[in-house]
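Biologist: Hey, could you walk me through this one? I'm new to it and would like to start with the pockets.

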Amino acid sequence: MEDALDDVEPFTTIYLVEGVYTCKNPITKPGIIVQKRDIEKEVYIIGNEGPVLVINLEADDYIVFKDIFITHSGTCLPAKFKENAPNEPKYSMEPSTKVIREFEIQPNMDTICYVKSGGVMFRHCTLTLKSHKKKLKSRIPIIVSFPKTFINLTSCSMIGNEENHNAGCILINSDVFISDTKFVDFKAGAIYCLANPDNTVEI
């Protein structure tokens, strides 16, 4: 998939045939639509370490993913165990910035989608951490977004791992639109959203 993203012009549709793909380079071209070619076939985008997708676009630019499974395999996580971390951390039942800080957000963190700038839209996609080894101590979210970015989830499935301390979304001063999307098996919470008065948040 990296070659396709390198070769295409902005505002182009990339059709993926059945198979497993990686996207190791940050996405920097605007208006790209990535979708599977054959409705009855499955397409997977997978990453083993760090973010599976890094969105690094100009403000107001975006990329769209349609009808794709996107997963973090977790194969490199055992080497990152924090043995001094509590096995059963306690999470605040009220909104708290402290809870978000506990996820140690940084550029090479393990997550599925890391939105540094610009925006991303997911349509009929499944984003999942089910393949992770159980009882991990690492706290891993599926989506992390930063200020002045935007996230749009429509008719998606967000699936954590019922044995681990996963979160669905950590959204920091972003514009957010989530509709017809289910969140399941997130032991550390489905959505953490910090917003300023000028942010638009619709869930």
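**Pocket, sheets and loops**

Modeller: Sure. The second largest pocket has a volume of about 230 Å³. Keep in mind that this is a predicted model.

Biologist: Which residues line the second largest pocket?

Modeller: One run is Thr22, Cys23, Lys24, Asn25 and Pro26, and the lining also takes in Ile46, Gly47, Asn48, Glu49, Pro51, Val52 and Val54.

Biologist: And which strand gives the most to that lining?

Modeller: That's S5, with three residues. Strand S4 (43–47) and S5 each supply at least two residues of the lining.

Biologist: What's the mix by class in the lining?

Modeller: Six nonpolar, four polar and two charged residues.

Biologist: OK, zooming out. How many helices and strands are there in the protein?

Modeller: Two helices and 18 strands. The protein has 203 residues, and 49% of them count as buried.

Biologist: What about contacts between residues that are far apart in sequence?

Modeller: Take the contacts between residues at least 6 apart in sequence: 72% of those join residues at least 24 apart.

Biologist: Back to S5. Which sheet is it in?

Modeller: S5 belongs to an open sheet of five strands, ordered S5-S8-S11-S14-S17, with parallel pairing. Strand S5 (51–56) and strand S17 (191–194) are the edge strands, and each of them pairs on one side only. From one strand to the next, the twist averages 25°.

Biologist: How many bridges join S5 to S8?

Modeller: Five, and S5 runs parallel to strand S8, which covers residues 111–117. As an example of who faces whom, Asn56 stands opposite Ser117 in S8.

Biologist: What's the order in the open sheet of seven strands?

Modeller: The order there is S1-S3-S6-S9-S12-S15-S18, and the pairing is parallel. Strand S1 (13–16) and strand S18 (201–202) stand at its edges with a single partner strand each, so one side of each has no neighbour in the sheet.

Biologist: Let's pick S12 out of that. Is S12 enclosed or open to the outside?

Modeller: S12 is largely enclosed by the rest of the structure, because five of its five residues are buried. "Buried" here means under 20% relative accessible area.

Biologist: Which residues sit on which side of S12?

Modeller: Phe150, Asn152 and Thr154 are on one side, Ile151 and Leu153 on the other, and both faces are covered. That fits a general pattern: in a regular strand the side chains alternate between the two faces of the sheet.

Biologist: And how does S12 pair with S9?

Modeller: Strand S9 (residues 119–123) and strand S12 (residues 150–154) pair in the parallel sense over five bridges. Met121 has Asn152 as its bridge partner in S12, and Phe122 has Leu153.

Biologist: What about S12 and S15?

Modeller: Five bridges again join S12 to strand S15 (residues 175–179), and these two run parallel. Asn152 has Phe177 as its bridge partner in S15, while Leu153 stands opposite Ile178.

Biologist: Which face of S15 is covered, and which is uncovered?

Modeller: The covered face has Val176 and Ile178, and the uncovered one has Asp175, Phe177 and Ser179.

Biologist: And how many bridges join S15 to S18?

Modeller: Two, with the strands running parallel. Phe177 stands opposite Glu202 in S18. So Phe177 turns up twice, since it is also the bridge partner of Asn152.

Biologist: New topic: loops. Where is Ser155 found?

Modeller: Ser155 is in the loop between S12 and strand S13 (157–159). Ser155 has a positive phi of about 55° although it is not a glycine. For background, most residues other than glycine have a negative phi.

Biologist: What phi does Asp180 have?

Modeller: Phi of Asp180 is near 50°, again positive in a residue other than glycine. Asp180 lies in the loop between S15 and strand S16 (182–184).

Biologist: Is Asp180 buried or exposed?

Modeller: Asp180 is exposed, with a relative accessible area of 64%. Ser155 counts as partly exposed, because its relative accessibility is 21%.

Biologist: Great, thanks. I'll go and look at those two loops.

Note on methods:
Residues numbered from 1 in each chain as written. Predicted model: local features only at pLDDT ≥ 70, side-chain atom pairs only at ≥ 80, totals over all residues. Heavy atoms only, no water. Helix = DSSP H or I, 4+ residues; strand = E, 2+ residues; numbered from the N terminus. Axes fitted to C-alpha atoms, helices over the stretch in contact; angles between N-to-C directions. 1 Å grid on protein atoms, 1.4 Å probe; cavity = no way out; pocket = protein on both sides within 12 Å on 5 of 7 lines; lining within 4 Å. Points joined across faces, edges and corners; volume = space filled by probe spheres on them. Nonpolar A, V, L, I, M, F, W, Y, C, P; charged D, E, K, R; others polar. Buried < 20%, exposed > 50% of the residue type's maximum accessible area, 1.4 Å probe, protein only. Contact = heavy atoms within 4.5 Å.
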